[in-house]
Amino acid sequence: MSAKAISEQTGKEFLYKHICTSAAVQNRFRYAHVTTETDWDRLVQDHPWLLSERLVVKPDQLIKRRGKLGLVGVGLDLQGVRDWLKPRLMRETTIGKAKGILKNFLIEPFVPHKQDEEFYVCIYAAREGDWVLFHHEGGVDVGDVDAKAQKLLVAVDDKLTEEMVTQQLLSHVPQSRKEVLANFIVGLFNLYEDLYFTYLEINPLVVTQDGVYVLDMAAKIDVTADFICKAKWGDVDFPPPFGREAYPEEAYIADLDAKSGASLKLTILNPRGRIWTMVAGGGASVVYSDTICDLGGVDELANYGEYSGAPSEQQTYDYAKTILSLMTREKHKEGKVLIIGGSIANFTNVAATFKGIVRAIRDFQAPLKEHEVSIFVRRGGPNYQEGLRVMGEVGKTTGIPIHVFGTETHMTAIVGMALGHRPIPNQPPADAHTANFLLNSNSSAATPASSRTASFSEPKAAADVTPAKKLKPGVPPVKATALFSRQSKALVWGMQTRAVQGMMDFDYVCSRDAPSVAAMVYPFTGDHKQKFYWGHKEILLPVYKNMADAVRKHPEVDVLISFASLRSAYDSAMETMQYPQIHTIAIIAEGIPEALTRRLIKKADEKGVTIIGPATVGGIKPGCFKIGNTGGMLDNILASKLYRPGSVAYVSRSGGMSNELNNIISRTTDGVYEGVAIGGDRYPGSTFMDHVLRYQDTPDVKMIVVLGEIGGAEEYKIGHGVAEGRITKPVVCWCIGTCATMFSSEVQFGHAGACANQASETAVAKNQALREGGVFVPKSFDELGDAIRSVYDDLVASGVIVPAKEVPPPTVPMDYSWARELGLIRKPASFMTSICDERGQELIYAGMPITEVFKEEMGLGGVLGLLWFQRRLPRYACQFIEMCLMVTADHGPAVSGAHNTIVCARAGKDLVSSLTSGLLTIGDRFGGALDAAAKQFSGAFDSGLLPMEFVNKMKKEGKLIMGIGHRVKSINNPDMRVQILKDFVKQHFPATQLLDYALEVEKITTSKKPNLILNVDGFIGVAFVDLLRTCGGFTRDEADEFVEIGALNGIFVLGRSMGFIGHYLDQKRLKQGLYRHPWDDISYVLPEHMTM
């Protein structure tokens, strides 16, 4: 979703702020925004010109031809504006097929001018550069500007000059206005480039003796350039197309999408509709919408959306609960259906994402039953069997009708089932091929490499690598016909270990002699080696910090697979094209600004490099090479027979749909020869036609499949190629997005390029043109497999294709982590934890999400209760814990722990070392009396000893009573810390039996010596035992166990750590030097000198 329309107010604000021109731009920032909530007195105060000038008022809601529609009020005073708005503001209006409410209006000064002072100017992006259109007669009646206007193409990286504008655009403009217009248009073009506009139209542009006036403006910007233009753009609000409301749920999902590396999209079309979708994949989401509309469900289709890019379980849960919440607000007389569909995933763990959906279904099971919702599921990809099993189980346990299907079922078959157009099979046949590659029925563990060096259908006469041609100076290099061979070697940019391992496993089952990955490049770590598996054997791959070293040390490399982020993909690809040995670059990243992509394309054309992407999963050449995660896990590689070449080559935009094509082609033909997903952006690095012509020139390709898409005009070239005889091999093509013409308002589909800007770019128009040009075009995507099978069977019947005997691939052991994920093996965990879980989207303390911890204002004591005791303690208990931490935080620099910390700090050690040196002094003699006091006093109390008997017993055994005695404080000089705690405990604790017992002991000990008081350690120890025993959260055994395992000493350690850190920071702040103990404070006692 790259190019998005902005409001007229936003566009003018950008222009007035940032345009650089000597032309006098008038009425800068003179506009006022009006809604139902407008305070007119405040508006006049902010814009005093509203009272003194004639005004123009118009809706600002992405409505075209407002003047023709009577939606512009001209030459009014302020009261006239208010009168004009009364019958229009918040009134439903029909414009074309769209019904919407007029709610945002713009008021501007009226500009008196003549008709011959109106001009038209428009700039828009194309693959080869930016077109500038100019017409000397602007205004409401400008008509068909494409036919009338003067046009000028500014090629990528070229500059527009005033001379070019004057000569090529202003031939019909009076001489007196040429200089002003030329200067303004150049300034406008520079603004267009600097702020990453993709479309900018001004009509009319008025030029008078006073200067230039921008009257009406329409614009789109490239939202993926936000990381470049944020400082200039600020926060931009993107209004929905007229006729579609902006829902808070859409904003919520957009916010989730912005915070995620995955893709989450939602557009609400009809909140009262009965057909709801939750589809994985940008291409697949369009196909499902097409099928629903084809089967007559357009009026009941409630939403368009997609989730892809491996969202987490929590993200999928948030997405699913939003959909379920929306669809269970209003009942429908026929009940509702939810279609959870998708193509065969390349790398998304289907089970993990389904867990999030299952959680949401369980949470909404009551309203789902109440609204009579039936759910239809179809999915494939990594771990999809477990995902489908879990989905089926939740249907049985909740009683919600959930129908589950896998890759054995055509992708869109569930739509016909959901809408009652085809029967629902009771038990569909399941493809149980996950983990089949663990075993091989063939006695040979390895398949001879020679058996698959040739095409699967017939022997090859020559190698499949196009030799490089020597070029004359100044002639651009010719791109290779064959991008990959069994000898192809790649560099992988990015630490994508899973993708690299997948490539190596593919290489192994294809019986390649060596891995296709030569090395990795990752700038954020030093040069090192990374471990991977080659079959059963472990090997090391070098990882380089920069591209130059990698290319220099691996001259055999000819492919770059870039997993660089959208921010760095452009720079890394441009750098790579400096090295002539690289002839293919795959760019996986989604969200690269279109202007940067066009520069990449230009450079690649100059260098003879083929770019696959951006925004792609890559491509695959069975038996030879696969890009990253293309083709999915090994189970899908085997199921779709991608380990050996077939006779069919395909090209698509969507990565997920490319895997679906692998599945369809493997079931209807002898398999795939090569497949490429060019990516969903408006300007992919290579086009459909680039690859179709490669396939045409590749002898082993016998037929071609193209999965086109709404938007752009590239598919027309294929039809022309077939009609003109340049393409002689049979081509089967279907363009997805046919539903777009049925919607009343514009919908931006999942791919950035999936949007028709004119009638010829619609999928319906392209399918019709392709059919007329001699391409095999099915009636719908549902029938694409049948069309492919029909063409293939004809080729077999005519002898063009001779299917070869199937050869089993070698076995590849499954990775331990994936085998465990699939539930094939089990192993005891090395660690167990029951207090905290950080794996989800939200941190959980003992079962309580962190947001709830703060919402309930549990405080530090409450958190400690959760993490130490796995209990939500009463409020008074949490307060007591916090008071204990406060009173034990510090006791001056003279105690051993603080002393050690200070000495360590002054020796130049760091905070952790200094803190540790202090903590290590804590024991029975310093600070460790809490546990001991609790044990001694509770033991005596529980055994029935009277306080005097306990004192006498300890004296007789020669043991100190822990928690009794203080160096400074006494019965006459009480410790206020103890007094504060005692008052709190007596007021709030349900019972204080052990504390009362300890206070009786204190009376006995202080009668002998006044400083033998119950000290703070002893008080906390006995009071904590009372708390554990009487708060109601613990059994007696649990309370005793926490005392036994040292929980109470933890209070002192945690509290005193605060003081130790304070002493460390204090010494650093005071810049104290190395401590050396003075001699006069040391008593030197050495043995006397003895003579023999």
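Where does UniProt place the feature "domain: CoA-binding"? Here are a few notes to help you find your way around.

1. The UniProt record, an unreviewed entry, puts this feature at residues 483-592; such annotations may be inferred rather than shown by experiment. Over residues 483-592 the chain is 25% helix and 29% strand, where helices (H or I, at least four residues) and strands (E, at least two) are DSSP runs numbered from the N terminus.

2. A word on the basis: this is a predicted model, in which local features need pLDDT of at least 70 and side-chain atom pairs count only at pLDDT 80 or more, while totals for chains, interfaces and linings use all residues. Residues are numbered from 1 along each chain as its sequence is written, and side-chain values use heavy atoms, leaving out hydrogens and water.

3. Now look inside. The largest nonpolar core (buried Ala, Val, Leu, Ile, Met, Phe, Trp, Tyr and Cys residues joined through side-chain atoms within 4.5 Å; buried means under 20% relative accessible area with a 1.4 Å probe, protein chains only) has 100 residues. Among those with the most contacts inside this core are Ile561, Val706 and Phe781. A second, separate core of 76 residues includes Val121 and Tyr196.

4. Four strands form an open, antiparallel sheet in the order β2-β7-β3-β4; strands pair if DSSP finds at least two bridges between them. β2 (32-34) and β4 (73-76) each have a single partner strand, so one side of each lacks a neighbour in the sheet.

5. Finally, β3 (residues 55-59) is joined to β4 by three bridges. Val56 has Val74 as its bridge partner in β4.

How values were computed:
Buried means under 20% relative accessible area, exposed over 50%, partly exposed in between (1.4 Å probe, protein chains only).
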